[in-house]
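Subject: Structure handover and notes

Hello,

Here is the structure we spoke about, with the sequence alongside. My notes on it follow below.

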Amino acid sequence: MLLFTGKSSLSIFCFYLNKAIFTRLIFLLTGLFFTCSSVWAQSEPVAPTYPKVMMYMGVLHPLVTFSDQETVINFDTYYAVGFPTGVNLWKSSKIGFSIEVVPLIRADKEGSKMNNLLFHPGVLVGLGKGFMFAGRAAFETSGRYGFTPVLNKVFKTRSGSYFIAMPLPVRFGNNHSATFTIGLQFGVVI
């Protein structure tokens, strides 16, 4: 049996004590690292639950309107702009329902006024990769009615979700000929 005496036995005892503390500290830090890394690894987006409610606001610019009587270009003799605000209720990632209200303002050399309010309910179809199709019925306070197919693309960023859309309104009624419009819409998902 080997006995340690004096200073050398104390230093060996401290060495083993420090080694035990060091080993426990390593185990503690390793466990902490793996715990934190598993929490950080879970920062992937979680699959959304349905039904899901989303709201949005935007700006609509009708670019050109065609009828059997004339072709009218926005910005030519007047400027028309709409402010769509809506709620989307998604049943799944593929199908949903939407209600939209769009006040339309018209400005010309004589002044500006809100000349129309559009009620725009519709069905939403998710096409994947941020694309969506909306088939909307259209009821206007001007007495016109019709439908509006819309192709939409959502862009997700760190600051939120934005979209660009191309509505293609078709309108009838109120003793006017049928019209077809090409529009451009930008907005933010709230």
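Strands in these notes are DSSP runs of E with at least two residues, numbered from the N terminus. In that numbering, Gly160 belongs to strand S10. Please keep in mind throughout that this is a predicted model.

Overall layout

The chain contains one helix and 12 strands. In sequence order the helix comes before the strands, giving the pattern α-β-β-β-β-β-β-β-β-β-β-β-β. Of the 190 residues in the chain, 28% are buried. Among contacts with a separation of 6 or more, 47% join residues 24 or more positions apart. The exposed area of the chain is about 13,100 Å², and 69% of it comes from carbon and sulfur atoms.

Strand S10

Three residues of this strand are worth going through. Gly160 has a relative accessible area of 23%, so it counts as partly exposed. Its C-alpha atom is 7.9 Å from that of Ile190, although Gly160 and Ile190 are 30 residues apart in sequence.

Met166 is also in S10. It is partly exposed, because its relative accessible area is 40% and the buried class is kept for values under 20%. Met166 and Val150 are separated by 16 residues in sequence and by 5.6 Å between C-alpha atoms. Apart from neighbours within four places in sequence, Met166 has contacts with Pro149, Val150, Leu151 and Gly183.

Is Pro167, in the same strand S10, buried or exposed? Pro167 is buried, since its relative accessible area is 5%. Beyond four places in sequence, Pro167 is in contact with Leu60, with Thr148, Pro149 and Val150, and with the run Thr181, Ile182, Gly183, Leu184 and Gln185. For one of these, Thr181, the C-alpha distance to Pro167 is 8.0 Å, with the two positions 14 residues apart along the chain.

Nonpolar cores

The largest nonpolar core has nine residues: Tyr56, Trp90, Leu124, Met132, Ala134, Val150, Phe163, Ala165 and Val189. Strands S8 and S10 each give at least two residues to this core. One of its members, Ala134, touches Val123, Leu124, Thr148, Pro149 and Val150 when residues up to four places away in sequence are not counted. There is also a second, separate core of five residues, which includes Leu60, Val102, Leu118 and Ala138.

Pockets

The largest pocket holds about 1,000 Å³ of space. Its lining consists of 35 residues, and those nearest its centre are Thr65, Tyr78, Glu140, Thr179 and Thr181. Strands S1 (52-67), S5 (95-108), S6 (111-119) and S12 (179-189) each contribute at least two residues to that lining. S1 gives the largest share, six residues. By class, the lining of the largest pocket is made up of 16 polar, 13 nonpolar and six charged residues.

The second largest pocket has a volume of about 640 Å³. It is lined by 32 residues, with Met54, Trp90, Gly130, Met132 and Val154 nearest its centre. Two or more lining residues come from each of S1, S4 (85-90), S7 (122-128), S8 (131-140), S9 (145-157), S10 (160-167) and S12. The lining of the second largest pocket divides into 18 nonpolar, eight polar and six charged residues. Trp90 and Met132, listed here near the centre, are also members of the largest nonpolar core.

Backbone details

Which peptide bond is cis? The bond from Tyr50 to Pro51 is, with omega near 5°. Pro51 sits in the loop between helix H1 (6-41) and S1.

Two residues other than glycine have a positive phi. For Lys129 the phi value is near 55°. Lys129 is placed in the loop between S7 and S8, and it is exposed, with a relative accessible area of 78%. For Asn174 the phi value is near 60°. Asn174 lies in the loop between S11 (170-172) and S12, and its relative accessibility of 39% makes it partly exposed.

Regards

Technical notes:
Residues numbered from 1 in each chain as written. Predicted model: local features only at pLDDT ≥ 70, side-chain atom pairs only at ≥ 80, totals over all residues. Heavy atoms only, no water. 1 Å grid on protein atoms, 1.4 Å probe; cavity = no way out; pocket = protein on both sides within 12 Å on 5 of 7 lines; lining within 4 Å. Points joined across faces, edges and corners; volume = space filled by probe spheres on them. Helix = DSSP H or I, 4+ residues; strand = E, 2+ residues; numbered from the N terminus. Nonpolar A, V, L, I, M, F, W, Y, C, P; charged D, E, K, R; others polar. Buried < 20%, exposed > 50% of the residue type's maximum accessible area, 1.4 Å probe, protein only. Contact = heavy atoms within 4.5 Å. Areas by Shrake-Rupley, 256 points an atom, 1.4 Å probe, with all protein chains shown as cover. Core = buried A, V, L, I, M, F, W, Y, C linked by side-chain atoms within 4.5 Å.
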